[in-house]
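Here is a short report on one protein chain. Keep the structure in view as you read.

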Amino acid sequence: MTLRIFEQAGEIEAVVALHGWLSAPEVPAVERLVAAHHGLLQVDLAHLVGVDAVGLRALRALRARGVRITGASPYVELLLERTRETGK
């Protein structure tokens, strides 16, 4: 499955929406896009179907940098929380 990335600039906060599957090959594109934003940023995962270990680490790193992660499925949220707790 492919990852599609949608961007929407708001007055206060920009939103990057990820649709599909986030895996190692797509992580650099997501990281470049996020790095290009200055100010408040939200990454919307409402349409994210799945994530591999590299994608999960990338999401965790974004969250640690202060990027607001929203819309994650209960499973992805559990993976993010588990990763935070174990430090892996």
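The text below goes from the whole chain to the sheet, then to the core and to single residues.

## The whole chain

This is a predicted model. The chain has three helices and four strands. Starting at the N terminus, the elements follow the order β-β-α-β-α-β-α.

How does the radius of gyration of the chain compare with that of a compact globule? For 88 residues, a compact globule would come out near 12 Å. The chain has 12 Å, so the two agree. The C-alpha trace spans about 35 × 25 × 20 Å along its principal axes.

Of the 88 residues in the chain, 41% are buried. Now take the contacts between residues at least 6 apart in sequence. Among these, 63% join residues at least 24 apart.

## The sheet

The four strands form an open sheet. Their order is β1-β2-β3-β4, and the pairing is mixed. Which strands stand at the edges? They are β1 and β4 (68–70). Each has a single partner strand, so one side of each lacks a neighbour in the sheet. From one strand to the next, the twist averages 20°. Helix α2 packs on this sheet and touches β2, β3 and β4. The direction of α2 makes about 160° with that of β3.

Look next at the edge strand β1. Strand β1 covers residues 4–8. The number of buried residues among its five is zero, so β1 lies largely in the open. Its pairing with β2 (residues 13–22) is antiparallel and runs over five bridges. Arg4 stands opposite His19 in β2. Four residues make up the hairpin that joins β1 to β2.

## The core

In soluble globular proteins, nonpolar side chains tend to be buried together. The largest nonpolar core here has 23 residues. Leu18, Leu22 and Leu59 have the most contacts inside this core. Several elements supply at least two residues each: β2, α1 (27–35), β3, α2 (53–64) and α3 (74–86). Which element gives the largest share? Strand β3 does, with five residues.

Leu59 shows how far such contacts reach. Leaving aside residues up to four places away in sequence, Leu59 touches Leu18, Leu22, Leu45, Leu48, Val51, Ile69 and Leu80.

## Three buried residues

The table lists three residues from the inner part of the sheet story, with strand and relative accessibility.

| Residue | Strand | Relative accessibility |
|---|---|---|
| Gln42 | β3 | 13% |
| Val43 | β3 | 1% |
| Ile69 | β4 | 13% |Buried means under 20% relative accessible area, so Gln42, at 13%, counts as buried.

Start with Gln42. Strand β3 covers residues 40–51, and Gln42 is found there. Which side chains make polar contacts with the side chain of Gln42? One is the side chain of Arg68, at 3.0 Å. Another is the side chain of Thr70, at 2.6 Å. With residues up to four places away in sequence not counted, Gln42 touches Glu13, Ala14, Val15, Val16, Arg68 and Thr70.

In a regular strand, side chains alternate between the two faces of the sheet.

Val43 also sits in strand β3. Is Val43 buried or exposed? Val43 is buried, with a relative accessible area of 1%. Beyond the residues up to four places away in sequence, Val43 touches Val16, Leu18, Val34, Leu62, Val67, Arg68, Ile69 and Thr70. Val43 and Val30 lie 13 residues apart along the chain, and their C-alpha atoms are separated by 9.9 Å.

Ile69 belongs to strand β4. Ile69 counts as buried, at 13% relative accessibility. How many residues separate Ile69 and Leu45 in sequence? They are 24 residues apart in sequence, and 7.2 Å apart in space from C-alpha to C-alpha. Not counting residues up to four places away in sequence, Ile69 touches Val43, Leu45, Leu59, Leu62, Arg63 and Leu80.

How values were computed:
Residues numbered from 1 in each chain as written. Predicted model: local features only at pLDDT ≥ 70, side-chain atom pairs only at ≥ 80, totals over all residues. Heavy atoms only, no water. Buried < 20%, exposed > 50% of the residue type's maximum accessible area, 1.4 Å probe, protein only. Polar contact = N/O pair within 3.5 Å; in protein donor to acceptor, adjacent residues only side chain to side chain. Contact = heavy atoms within 4.5 Å. Pairing = 2+ DSSP bridges. Core = buried A, V, L, I, M, F, W, Y, C linked by side-chain atoms within 4.5 Å. Axes fitted to C-alpha atoms, helices over the stretch in contact; angles between N-to-C directions. Rg over C-alpha atoms; globule rule 2.2 N^0.38 Å.
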